Amino acid sequence: MAIGWMTILSNVPWSEVIKNAPVVADGARKLWNKVGGKGAASEPAAPMPAASPEDRVAELQARVDALHAQMLTASEVIASLAEQNAQLVARIESNRRRTLALLIINIGVAGLALTAWLN
């Protein structure tokens, strides 16, 4: 069982995972700060009274822009994680095929050895 995990872990593109880890961590930290409470705590909970409708529209536009920036940050983090996940899944599928091929070969060799031993 440990040999299977070691094979899987040895075939993971660790250089790519390590190279992208700071970017993913930084994006996740920014997203958490904005959505998880730190960024939201600094913004007022209720709309501030505006002197005119134009001021209210400008305030609402600023909030929409901030939400759009948060959405872009979240999308970048999700895209990065999805890419890394796709790479890992491809490697695992490759290892599954190799393991199946090795199983078939080992069964054949065991059959030949058993046949030679019985004769």
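Trainee: In this predicted model, how much of the accessible surface of the protein belongs to carbon and sulfur atoms?
Mentor: The accessible surface of the protein comes to about 9,400 Å², and it is computed here on predicted coordinates. Within that surface, the share that belongs to carbon and sulfur atoms is 70%.

Trainee: What fraction of the residues of the protein counts as buried?
Mentor: A residue has to fall under 20% relative accessible area to be called buried. Applied to the 119 residues of the protein, that cut-off gives a buried fraction of 11%.

Trainee: What pattern does the protein follow when read along the sequence?
Mentor: The protein has four helices and zero strands. Read from one end of the sequence to the other, the elements therefore give α-α-α-α.

Trainee: Which element has the lowest mean pLDDT, and which the highest?
Mentor: Over the protein the mean pLDDT is 78, with 78% of the residues reaching 70 or more. Where pLDDT is low, the predicted coordinates should not be read in detail. Among the elements, the lowest mean, 49, belongs to helix 3 (residues 38-42), and the highest, 88, belongs to helix 4.

Trainee: How far does helix 4 reach from its first C-alpha to its last?
Mentor: Helix 4 spans residues 53-118, which is 66 residues. At 1.5 Å a residue, a span of 98 Å is expected, and the computed reach is close to that value, at 95 Å.

Trainee: What share of the contacts with a separation of 6 or more joins residues 24 or more positions apart?
Mentor: One pair distant in sequence is serine 75 and leucine 31, which are 44 residues apart in sequence, with their C-alpha atoms 9.8 Å apart in space. Serine 75 has its place in helix 4 and is partly exposed, at a relative accessible area of 39%. Counted over the contacts in the protein with a separation of 6 or more, the share from residues 24 or more positions apart is 74%.

Trainee: Which residues is glutamine 84 in contact with, leaving aside its neighbours within four places in sequence?
Mentor: Glutamine 84 lies in helix 4 and counts as buried because its relative accessibility is 14%, as do other helix 4 residues, including Gln70, Val77 and Asn95. Its C-alpha is 8.6 Å from that of asparagine 20, although the two residues are 64 residues apart in sequence. Once the neighbours within four places are set aside, the contacts of glutamine 84 are with Val17, Asn20, Ala21 and Val24.

Trainee: How far apart are the closest N and O atoms in the salt bridge of glutamate 59 with arginine 63?
Mentor: A search of the whole structure finds three salt bridges, and this pair forms one of them. Glutamate 59 and arginine 63 are separated by about one helical turn because they are four residues apart in helix 4. Glutamate 59 is among the buried residues of helix 4, whereas arginine 63, at 28% relative accessibility, counts as partly exposed. The closest N and O atoms of the pair are separated by 3.2 Å.

Trainee: Which residues do salt bridges that share partners join into one network?
Mentor: Glutamate 93 forms a salt bridge with arginine 96, three residues away in helix 4, and the closest N and O atoms of this pair are 2.7 Å apart. Arginine 97 lies four residues from glutamate 93, about one turn of the helix, and bridges to glutamate 93 with the closest N and O atoms 3.2 Å apart. The shared partner thus links the two bridges into one network, made up of Glu93, Arg96 and Arg97.

Trainee: Which residue of that network counts as exposed?
Mentor: The label exposed requires over 50% relative accessible area. Glutamate 93, at 28%, is partly exposed, and arginine 96, at 46%, is partly exposed as well. At 55% relative accessibility, the residue that counts as exposed is arginine 97.

Trainee: Which residues make the nonpolar surface patch of about 390 Å²?
Mentor: Isoleucine 104, one of the patch residues, is found in helix 4 and is exposed, with a relative accessible area of 54%. An α-helix has 3.6 residues a turn, so residues three or four places apart point the same way. The patch is made by Leu100, Leu103, Ile104 and Ile107.

Note on methods:
Residues numbered from 1 in each chain as written. Predicted model: local features only at pLDDT ≥ 70, side-chain atom pairs only at ≥ 80, totals over all residues. Heavy atoms only, no water. Salt bridge = Lys/Arg side-chain N within 4 Å of Asp/Glu carboxyl O. Helix = DSSP H or I, 4+ residues; strand = E, 2+ residues; numbered from the N terminus. Buried < 20%, exposed > 50% of the residue type's maximum accessible area, 1.4 Å probe, protein only. Patch = residues over 30% accessible without salt bridge, like charges linked within 9 Å, V, L, I, M, F, W, Y side chains within 5 Å. Areas by Shrake-Rupley, 256 points an atom, 1.4 Å probe, with all protein chains shown as cover. Contact = heavy atoms within 4.5 Å. Expected span 1.5 Å × (residues − 1). pLDDT = per-residue confidence, 0-100.
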